[in-house]
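Me: I've got a protein model open and a few of its labels puzzle me. Can we go through them one by one?

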Amino acid sequence: MFTPVSARAASAYKRVGAQTSIEGASPHQVICLLFEALVQSLHAARGSLARGDIEGKGQSIGKAVRILEEGLKAALDIESGGELAVNLRGVYNYSILRLTTANLKNDITLIEEVTQLIVPVFDAWKSIPLPHVGNA
């Protein structure tokens with residue numbers, strides 16, 4: 001479902017200015033970091049809009065859209081991931097559309113809608129059991 005080592009996702013994560021280092025992170029951890037940064041950006045956009053900080057709202061929504069487009073969506077492997085990857089791509093595309101509309105209309109409910117879509121996907125991703133690596 002995701003490209004090995006997720007090099008594109010890792011570089012996207014760096015480009016959007018995430019705070020956490022991704023050096024040595026597994027592909028699973030990189031996707032977790034992308035989701036964390038996405039959720040933080042959604043919360044920041046909501047807070048900015050609630051305060052009337054239109055510039056901050058625009059920056060946070062822009063960051064969220066870049067994470068979705070250049071990170072999470074770019075990391076999908078539609079051929080190997082099958083229906084799940086196609087469905088995730090649909091969720092990401094829909095979220096990008098809703099965030100773009102939220103930015104244009106200053107609509108906090110659309111930011112909340114995307115948050116409600118993304119958080120369960122993030123929770124599901126975090127719950128994926130990883131293979132236990134023994135000491136060598």
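Reply: Sure, here are some questions about labels, with the reasoning behind each; keep in mind that this is a predicted model.

Me: What makes up the protein, going by helices and strands?

Reply: You'll find five helices and zero strands. Read along the sequence, that gives the pattern α-α-α-α-α.

Me: Okay, now α5. How do you know that its length fits a helix of 19 residues?

Reply: Take 1.5 Å a residue, and the 19 residues of α5 should span 27 Å. The end C-alpha atoms of α5 are 26 Å apart, which agrees.

Me: Which residues of α5 are buried, and what do they pack against?

Reply: The buried ones are L110, I111, V114, T115, I118, F122 and W125. They pack against α2 (27-51), α3 (54-75) and α4.

Me: Where is N106 found?

Reply: N106 sits in the loop between α4 (78-105) and α5 (108-126).

Me: And why is N106 called partly exposed?

Reply: Check the cut-offs: buried means under 20% relative accessible area, and exposed means over 50%. N106 has 36%, so it counts as partly exposed.

Me: What is notable about the phi of N106?

Reply: Most residues other than glycine have a negative phi. N106 is not a glycine, yet its phi is positive, at about 50°.

Me: Last one: how much of the whole protein is buried?

Reply: Of its 136 residues, 40% count as buried. As for the accessible surface, it comes to about 7,500 Å², and 55% of that belongs to carbon and sulfur atoms.

Technical notes:
Residues are numbered from 1 along each chain as its sequence is written. This is a predicted model: local features need pLDDT of at least 70, side-chain atom pairs count only at pLDDT 80 or more; totals for chains, interfaces and linings use all residues. Side-chain values use heavy atoms; hydrogens and water are left out. Helices (H or I, at least four residues) and strands (E, at least two) are DSSP runs, numbered from the N terminus. Buried means under 20% relative accessible area, exposed over 50%, partly exposed in between (1.4 Å probe, protein chains only). Accessible areas come from the Shrake-Rupley method with a 1.4 Å probe; for residues, only the protein chains shown count as cover. The expected span of a helix is 1.5 Å times one less than its number of residues. Contact means heavy atoms within 4.5 Å.
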